[in-house]
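Open the model in your viewer and keep the selection box at hand. We will go stop by stop: select, look, move on.

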Number of protein chains: 2
Amino acid sequence: MASRQEVAERAGVSVAVVSYVLNGKTNVKMETRVRVLAAMKELGYEPNLLARSLKTKKTGQLAVLVNYLGNPFEAGLLLHIESAARDESFLVFFQSYTPETEEQLISSLRGRVDGIILLGQQLMTETYDRISEWDVPILSVTQSPNAQERGIPYIDVNWAVLYRQAIQHLKDKGHTSIGYMSDSQSSSYHVNRLLNFQEAMLAEGLELQDEILLNGEGRLENASEVFQRFVNNYPSGLPFSAIICSNDLMAAGVLDVCKKNGIQIPEQLAILGSENILMTTLTEPKLSVIHYPRDEIGKLAMEMMKELMEKRQMASRTLTGHLVIRNSS
Amino acid sequence: MASRQEVAERAGVSVAVVSYVLNGKTNVKMETRVRVLAAMKELGYEPNLLARSLKTKKTGQLAVLVNYLGNPFEAGLLLHIESAARDESFLVFFQSYTPETEEQLISSLRGRVDGIILLGQQLMTETYDRISEWDVPILSVTQSPNAQERGIPYIDVNWAVLYRQAIQHLKDKGHTSIGYMSDSQSSSYHVNRLLNFQEAMLAEGLELQDEILLNGEGRLENASEVFQRFVNNYPSGLPFSAIICSNDLMAAGVLDVCKKNGIQIPEQLAILGSENILMTTLTEPKLSVIHYPRDEIGKLAMEMMKELMEKRQMASRTLTGHLVIRNSS
């Protein structure tokens, strides 16, 4: 088969330009691009990346472990990571992950990837040990206490600051009793957000009581069920006048229950989400949220992953988000 | 390194059971599973799938080409495909795809996948030819005229029947002038839905006029902009009393514009979506939709892909969906 060099000669360009075209770079003029493609076709050139991978011992493949792709927050982050990876000529695997599939995961990824991105996930301690033997870097998108212990860098927003801003906003509106709905079961990013909420409440001089912490299990339907039961348990009024949810799907579920039960938003209950997914602009009233910059984080994740692959030590990065106040608070 | 046979002997089970555990099958008792995992650990066993892949010339990898993962319709389908693929021990790549990245796509996937699933996508004719030389089967999730010509099997719902039901429902409510919003640019599945809408209108004896076909470009924000301009162009009233949108994001965009412009739903305009994503249950009023069975289609896609890999000819499959009438129609 023809080489990249022969394609370059036939097209009258440099080998670098041929590579640009193959990698879909946009810095090549259309007419040059057409000439390179024509030369490839004439010479029957087709790059075989598997061969390249055996030669360089690099796979050109990345894995992203997701928690629940049905959550637009995660799907959006994955979209931005894939886009940034494609710009760097990496293919992205993604896999839903639960601790029950840990063995399967390890057996699937070994020898197949140059890096692993945890998207709102944490692995078992033993699994980190096994992966560290492969010499494959791990990066955590969203902060996870367990990854942090293992020295795995993360990217996240500054929840401590953002939750303080959210609580200050609610205090300004007269709320002193503020509930929180989290997902206490599986995924790490909810745990981290909850810890930051608790610290922010204390820093703002507000009390934390057990009955203001709800477990909405991360999904809209579950949050609705849990909140409906909660409303039923407090026939003479809820024990708080505002609630922050650790993701937007749960905030939408709480809002739905309020509407069904005639609870006025924001008069009787103010609601805040934590991500700013598109859905929060469609509910009535529209949901106030913390804005999580998914595009910026997706791009940064790929930049950091490349550095990690070159064996550089990386510090974790914390970006700023901001509050978006709409009509639910 | 220890073999699978040695692990089986140490754990006192058959080699098949070891494979079940490695593949995360659920048909293994917890205590057996623990015994197998303990044996693997003791023997330092770690399966290397790259080696297996070189031996069998199979990669154990599938690619799914998506159009826009920011659409929960596609993210949901991808989630179900990945879940079904995992049950069959396949890893799933996914890649956003546009015709501009065709070369890059080909160079990335060659030698890397055992099958390609088009998720609401169509490739260029030339690309089908090139892939057919690799002996890698292609399956189209959603019907695409161009894939059909190349003899590529598809899975979709029966749009002809579903749109007739939708139009009959609207006729029952007194609507005879029905608009349609599609994405006329890129992706194949909108084209197919549009063709079926047009046929269904004719079959129901209703007229098709140019001004009732809008191009909402597939996304919520774009649909809102397009529909706002359309409303501005008809200050004395819209040229139709009902509209069907070829995806739910656009239906949500149209609904949003109606609310901003004081157009009563469904009194002045009835709105129908075509997928039944979660978001349609959160708008006010809730959106009437065609229900697209994403879980069923995801599972079936993997079944069909396996058959195709075993070189069996596959007929396309059309599933039934159904109408979900809520408050927007």
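**Stop 1: a helix in chain B**

Select H6(B): eight of its eight residues are buried, so this helix is largely enclosed by the rest of the structure. Buried means under 20% relative accessible area, exposed means over 50%, and partly exposed is in between (1.4 Å probe, protein chains only). Helices (H or I, at least four residues) and strands (E, at least two) are DSSP runs, numbered from the N terminus.

Before moving on, some ground rules. This is a predicted model, where local features need pLDDT of at least 70 and side-chain atom pairs count only at pLDDT 80 or more, while totals for chains, interfaces and linings use all residues. Residues are numbered from 1 along each chain as its sequence is written, chains are lettered from A and ligands numbered from 1 in the order in which they are written, and side-chain values use heavy atoms, with hydrogens and water left out.

Now colour the buried residues of H6(B): Glu102(B), Glu103(B), Gln104(B), Leu105(B), Ile106(B), Ser107(B), Ser108(B) and Leu109(B). Step just past the end of H6(B), and you reach Gly111(B), with a positive phi of about 75°.

**Stop 2: its packing partner**

Add H7(B), residues 125-132, to H6(B), residues 102-109. At what angle do the two helices pack? The angle is about 10°, and the axes are 11 Å apart. That makes H6(B) roughly parallel to H7(B). Axes are lines fitted to C-alpha atoms, for helices over the stretch in contact, and angles run from 0 to 180 degrees between N-to-C directions. Angles under 35 degrees count as roughly parallel, over 145 as roughly antiparallel, 65 to 115 as roughly perpendicular and the rest as oblique.

Show side chains next. H6(B) brings Glu102(B), Glu103(B) and Ile106(B) to the contact, and H7(B) brings Thr127(B), Arg130(B) and Ile131(B). Contact means heavy atoms within 4.5 Å.

**Stop 3: a loop in chain B**

Select Leu69(B), in the loop between strand E1 (61-66) and helix H5 (72-87) of chain B. Is Leu69(B) buried or exposed? Leu69(B) is buried, with a relative accessible area of 1%. Leave out residues up to four places away in sequence, and Leu69(B) touches Ala75(A), Leu78(A), Leu79(A), Glu74(B), Ala75(B), Leu78(B) and Phe94(B).

Then pick Glu217(B), in the loop between strand E7 (213-215) and helix H11 (220-233) of chain B. Glu217(B) is not a glycine, yet has a positive phi of about 55°. At 31% relative accessibility, Glu217(B) is partly exposed.

**Stop 4: rings**

Switch to aromatic side chains. There are 22 aromatic pairs over all chains. Rings of Phe, Tyr and Trp (its six-membered ring) pair if their centres lie within 6.5 Å; planes under 30 degrees apart count as stacked, over 60 as edge-to-face and the rest as tilted.

Zoom to Tyr180(A) and Phe197(A): the ring centres are 4.3 Å apart and the planes are at 15°, so this pair is stacked. Tyr180(A) is in strand E6 and Phe197(A) in helix H10 of chain A, so the pair ties together parts 17 residues apart in sequence. Tyr180(A) is buried at 0% relative accessibility, and Phe197(A) is buried with a relative accessible area of 0%.

Next, Phe230(A) and Phe240(A): centres 5.5 Å apart, planes at 10°, so this pair is stacked. Phe230(A) is in helix H11, and Phe240(A) is in the loop between H11 and strand E8 (242-245) of chain A. Both are buried.

Widen the selection to a cluster joined by ring pairs: Phe73(A), Trp159(A), Tyr163(A), Tyr180(A), Tyr189(A), Phe197(A) and Tyr292(A). Add Arg193(A), which lies over the face of Phe73(A), 5.0 Å from the ring centre. A charge sits over a ring if NZ of Lys or CZ of Arg is within 6 Å of the ring centre and within 35 degrees of the ring normal.

**Stop 5: the backbone of chain A**

Which peptide bonds are cis? One runs from Ile265(A) to Pro266(A), with omega near 0°. Another runs from Glu284(A) to Pro285(A), with omega near -5°. Pro266(A) is in the loop between helix H12 (248-260) and strand E9 (270-273) of chain A.

Finish on Ser89(A), in the loop between helix H5 (72-87) and strand E2 (91-96) of chain A. Phi of Ser89(A) is near 60°.
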